[in-house]
Amino acid sequence: MPLMEPYRIKVVEPIPVTTRAQRAQALTRAGYNLFGLRADEVTIDLLTDSGTGALSAAQQAAAATGDESYAGATSFHRFREVVEDLTSYEHIYPVHQGRAAERVLFSTLLKPGQITLSNTHFDTTRANSELIGCEARDLPCPEAADLDSREPFKGNIDLAALEATLTGPDAGRVGLVIMTITNNGGGGQPVSMANLEAASRLCRQHGVPFFLDAGRFAENAWLVTRRDPDYADADPRDVARAAFRLADGCLASLKKDGIANIGGLLAMRDGDLARRCEVILTATEGFRTYGGLAGRDLAMLAQGLLEVTDPHYLRSREASAAHLADLVNAAGVDTVQPPGLHAVYLNAGRLLPHIPPERFPGHALACALYLEGGIRTVELGTLMLGKEGAQGEPVTAAPFELVRLALPRRVYTQSHLEYVAEVVGVVAKQATLVPGYRIVESPPILRHFNARLAPVTA
Ligand SMILES: *Cc1c(COP(=O)(O)O)cnc(C)c1O
């Protein structure tokens, strides 16, 4: 069947249409930082797929039944039932978003000086590990380093490196192994079931807790059915269930595959660990049956967690990401291969070789896409990931200069994405004219959110 969104539209929201002069003015006011734009200055917003999904009619109906009781709300019990069926974990806590689950788990489980290992820590996961005084060590598989290769499971952890760490001199310091599915930091690439099984086995052998960072559990499961012949006929929900069964617990941002605007999850098997987490949870998030969420949020999440494994939805999501990647590639812009589901990543470093890393080619491309077509994206390159010396010279450039086109769930149609590809094509034709940027003003950490920049014209 050709690409078709498996839903029809019941409620619409007008898209802001702006002139180039308005966009140029907005960009100057925002200090050439797309995080500083007002949403009504953006035509197509591909900044993130987090919390930006469209609710279904069934979710809206569930919201109306939301039970706002402080303790023991029926909405919690519905949420718990869906999550337990999916994950098989006994102890299930809602939290307001993924990073809250990270903080509650890490501050309970970890001690300063320990190490957390991951295929790739997401940035808040890394920050929460480091805030405890731990070292967050990434062990991505070697295939992840080649952006162009079409290896099916570039989100895998490097099993040899994992085993070497669990048997080497640092073995006693490893406090947690956490597998990010899909691997957001690694381009949204999936993790294979064989890799999860092997990592799980190694952790059990060495007595180290093994958790999933499962924000995109359904997208990972879908890509397993598409890329591993052993799972070709499997139901994505069953694949997701099998993945959760391999772990001791999970944390998750439900702003992704919960298809809701807010929410997160912490769940585990170990009752003793759960009781210790509950203390922090109650003190900082909320009582265990709401964790900082409203009853209506829990009701919408329970429904979203059912809808997200619908094969028709996942197939359409895969097809629209692949369609966008194909069009962009045909316009002469390379993307991280193979395309995943939640985003398409443009190789800005390759498109703009005249801009050196310290002039932020990814950021330059993101600004050009906004100026040309009102498209908001995010740079994943030296502005976000690089480090600078005292005089502003880059001490380390990021390994790649990428621009992420994140795809909100059920929000944009095929024609929206074709518009995006057209704008990318126009910018690509004038690539040599795109200017680099310099930082004018920057906070000490997380500078990509708040830095002010200015174009550097030769
Ligand atoms: C979004 C995300 C988080 C953090 O979740 P929030 O809901 O944004 O706090 C953690 N891990 C991964 C892989 C994510 O994508």
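A salt bridge is counted here when a side-chain nitrogen of Lys or Arg lies within 4 Å of a carboxyl oxygen of Asp or Glu. By that criterion, a search of the whole structure, which is a predicted model, finds 27 salt bridges.

## Domain arrangement

The chain is divided into domain 1, made of residues 20-49 and 310-456, and domain 2, residues 57-307. The centres of domain 1 and domain 2, taken over C-alpha atoms, are separated by 27 Å. Contact between them involves 24 residues of domain 1 and 27 residues of domain 2. About 2,300 Å² is buried between domain 1 and domain 2, with carbon and sulfur atoms giving 50% of that area. On the domain 1 side, the residues that lose the most area to domain 2 are Gln337, Pro338 and Arg409, which together make up 24% of what that side buries.

Polar and charged interactions also occur at this boundary. There are 7 salt bridges between domain 1 and domain 2. Arg409 takes part in a salt bridge with Asp257, in which the closest N and O atoms are 3.2 Å apart. The count of residue pairs in polar contact between domain 1 and domain 2, both residues being at pLDDT 80 or more, is 16.

Three elements give two or more residues each to the side of domain 1 that touches domain 2: α12 (311-330), β9 (343-347) and β14 (402-406). The largest share of that side, 6 residues, comes from α12. Sorted by class, the side of domain 1 that touches domain 2 has 10 nonpolar, 5 polar and 9 charged residues.

## Packing of α1 against α14

Two packed helices are described by the angle between their axes and the distance between the axes. For helix α1 (residues 20-29) and helix α14 (residues 361-373), the axes come within 7 Å and cross at roughly 145 degrees. In α1, the residues Arg20, Arg23, Ala24, Ala26 and Leu27 meet Cys367, Tyr370, Leu371, Glu372 and Gly373 of α14. The class composition of this contact is 6 nonpolar, 1 polar and 3 charged residues.

The side chains of Arg20 and Glu372 meet in a salt bridge with an N to O distance of 2.5 Å. Because Glu372 lies in helix α14 and Arg20 in helix α1, this pair ties together parts that are 352 residues apart in sequence.

## Backbone geometry

Most residues other than glycine have a negative phi, and most peptide bonds are trans. The sites below depart from that pattern.

| Site | Feature | Value | Location |
|---|---|---|---|
| Ile181 to Thr182 | cis peptide bond | omega near -20 degrees | Thr182: loop between β5 (174-180) and α7 (193-205) |
| Gln337 to Pro338 | cis peptide bond | omega near -15 degrees | Pro338: loop between α12 and β9 |
| Ser88 | positive phi, not a glycine | about 70 degrees | Ser88: loop between α3 (74-87) and β2 (91-95) |

The cis bond from Gln337 to Pro338 joins two of the residues named above for the area they lose to domain 2. Pro338 lies in the loop between α12 and β9, and both α12 and β9 are among the elements that give two or more residues to the side of domain 1 that touches domain 2.

Key
Residues numbered from 1 in each chain as written. Heavy atoms only, no water. Domains from an automatic or database assignment. Contact = heavy atoms within 4.5 Å. Buried area = accessible area lost by both parts, 1.4 Å probe. Polar contact = N/O pair within 3.5 Å; in protein donor to acceptor, adjacent residues only side chain to side chain. Helix = DSSP H or I, 4+ residues; strand = E, 2+ residues; numbered from the N terminus. Nonpolar A, V, L, I, M, F, W, Y, C, P; charged D, E, K, R; others polar. Axes fitted to C-alpha atoms, helices over the stretch in contact; angles between N-to-C directions.
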